[in-house]
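Student: Could you take me on a close look at the open sheet in this model, strand by strand? I would like to see how the pieces fit together.

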Amino acid sequence: MNIQEYFARISYNESHKDTDLQTLTLIFQHHIQAIPFENLSMHCGETIELDLQSTYNKIVRKKRGGWCLESNHLLFWALQELGYDICILGGNSYDPAKKAYAAEINHILLKVVIKGNSYIVDVGFGGAYQAWQPLMLISGKDQPQIPGIFRFMEDNGTWYFEKVKRKHYIPEQSVPFTDTAELGNIRKIYTFTLKPRHINDFQELNAYLQVSQDNILHKKSICSLQTPEGLYALVGWTFTEIKYNYMEDMDLVQITALTDEEVEKTLKDKFNIVLENKLIPINVRGLPPNIVDTSDMNLEEYFARTGYKGSLEKQDLETLTDIFQHHIRAVPFENLSIHCGEKITLELEPVYNKIVQRKRGGWCMENNQLLGWVLKRLGYDASFLGAYVFNPHQNAYATIMTHLLVKVVIDGKAYIVDGGFGVSYQMWQPMELVSGKDQPQAPGVFRFTEKNAIWYLEKMRRKQYVPNQNFSNSDLLEKKECRKVYMFSLEPRTVEDFRFQCTYLQTSPDSLFTKKSICTLQTTDGFRALIGWTLTETTYNYKENMDLVEFITLEDEEVEKTLKEKFNITLDRKLVPINVKGFYTI
């Protein structure tokens, strides 16, 4: 190991005689623009050794990158060689999903003292949270840098590190990217104390991070590199390029989905990395964003999920209808999380991660919340309403508001947009909010009726032809030709209005959703539904004024295969199908 070889690796040709802030800053910047933050070893069958010689060989000689334990350890050695007053500290990273800091130390950073002033030097965080200059260790002071404004806050000996975020502009979207409101403008990064650490204090952490199934580094293959203008990031197959301050207080974010073949080329062209072993990219979704400061939510990815490739220039009815139909034919109405040990949450980002990134479906509070977010982002005048679902077995509307739907106003006309009901009661087009008017669609004739400011939705169905006579009297078949669906008022609602209902519906033994595992998806000519072990496929208008309804009973081992082949759903956990008779018709 020698310092000149390290300098050659980071292309540093300046003087290093003085152990001053200017020299430190230059070395720091050359390091972060030459050495990627990456965990690729974990995903190409290599073991990461927390040994300085191994780290040196990997980063300096093999021209690889590393994570915090490697990159900051290497910089610690280099600065120590140059005579800087330096020590190692330990940090606890912030988890946005849990809204909490890690209970145990999981990050390494450095403290350098120059002329009595302390600076935090951390080249091992990567992404948009990577500082570009050493940060003075002072509480409450904004420290503007090109990536954004960084700040330390000290409380009872514990230091908190955070960053003020800019807005984002993502090309080919009609509105600038803004983070979701619940995330706010401040991003917490990590906490730390000033207790000096030794590299051996992190040996257990180094081993844990490589084998634990629960940490982000195991679930995402990550490579991130700072550039003169911003950064590159490759997470799984998603390549992102950010240019800081592209416009006033706005960063340019360009996102590209790569093929397997393009990943290797991108690593070489953008990160100057050539791997010795085969990389297996991975990007398990539903995890907090740590690389690109965009909350992992963008319209481009949503439209890739639904297959929509149409125009976004106009906020008109035609565009709305097209977007809506792509949604209901790509995103199932389903409650499978309840029956495979998962909790359904109301927060938008987990909903987005579940439906868009993990390619799952959801119930009304998920589907329509996501659809409402998309429409608002596109500039539509969209708002949420709450409905009371009709129970045919009790011949009454529910007493609890359990259904979330979307109202959209276009050129002064109001439309109901509901992508979260499923089966034959799923509308295929936005419905004009007008009382007493029959609105024929492929599934049948829908109609709103208004009385004393309460709106009632009902549907007239066709006759049904059931080839398998064993199911001709199935309790899943709707017997009435005219079926009440739900009632609602025009009082605007928020997602928070459904928090109790979200918990109740997935836990109460009286809830339909605890009694039946449901997955239903609209098709180009009808819909399919899996209720417990019963698969039905309905073809609308199979003959004049008649729908074809085909039933199949599946075996346990066929359920998983059917979910994948018919609904494009692969579950992370074991599904326990259930179908308590009654309560639900298709």
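Tutor: Happily, and let us start with terms: helices (H or I, at least four residues) and strands (E, at least two) are DSSP runs, numbered from the N terminus. Two strands pair if DSSP finds at least two bridges between them. Please keep in mind that this is a predicted model, in which local features need pLDDT of at least 70, side-chain atom pairs count only at pLDDT 80 or more, and totals for chains, interfaces and linings use all residues. Residues are numbered from 1 along each chain as its sequence is written, and side-chain values use heavy atoms, with hydrogens and water left out.

Now to the sheet. Six strands make up an open sheet with mixed pairing, and their order is 16-27-28-29-30-25. At its edges are strand 16 (333–334) and strand 25 (463–465), each of which pairs on one side only.

Begin at the strand 16 edge. Strand 16 runs antiparallel to strand 27 (residues 518–522), and two bridges join them. Here you can find Phe 333 standing opposite Thr 520 of strand 27.

Next come two hairpins. Strand 28 (526–531) and strand 29 (534–543) run antiparallel and are joined by six bridges. Leu 530 has Leu 535 in strand 29 as its bridge partner. Two residues separate strand 28 from strand 29 in this hairpin, and Gly 532 in the turn has a positive phi of about 65°.

Strand 29 then takes part in a second hairpin, this time with strand 30, again with two residues between the strands; in that turn, Asn 545 has a positive phi of about 55°. Seven bridges join strand 29 to strand 30, and the two run antiparallel. For a pair to pick out on screen, try Thr 534, whose bridge partner in strand 30 is Thr 553.

Finally, look at what lies across these strands. Helix 14 (residues 556–567) lies across strand 27, strand 28, strand 29 and strand 30 (546–553), and its direction makes an angle of about 160° with strand 28. For that angle, axes are lines fitted to C-alpha atoms, for helices over the stretch in contact, and angles run from 0 to 180 degrees between N-to-C directions; contact means heavy atoms within 4.5 Å.
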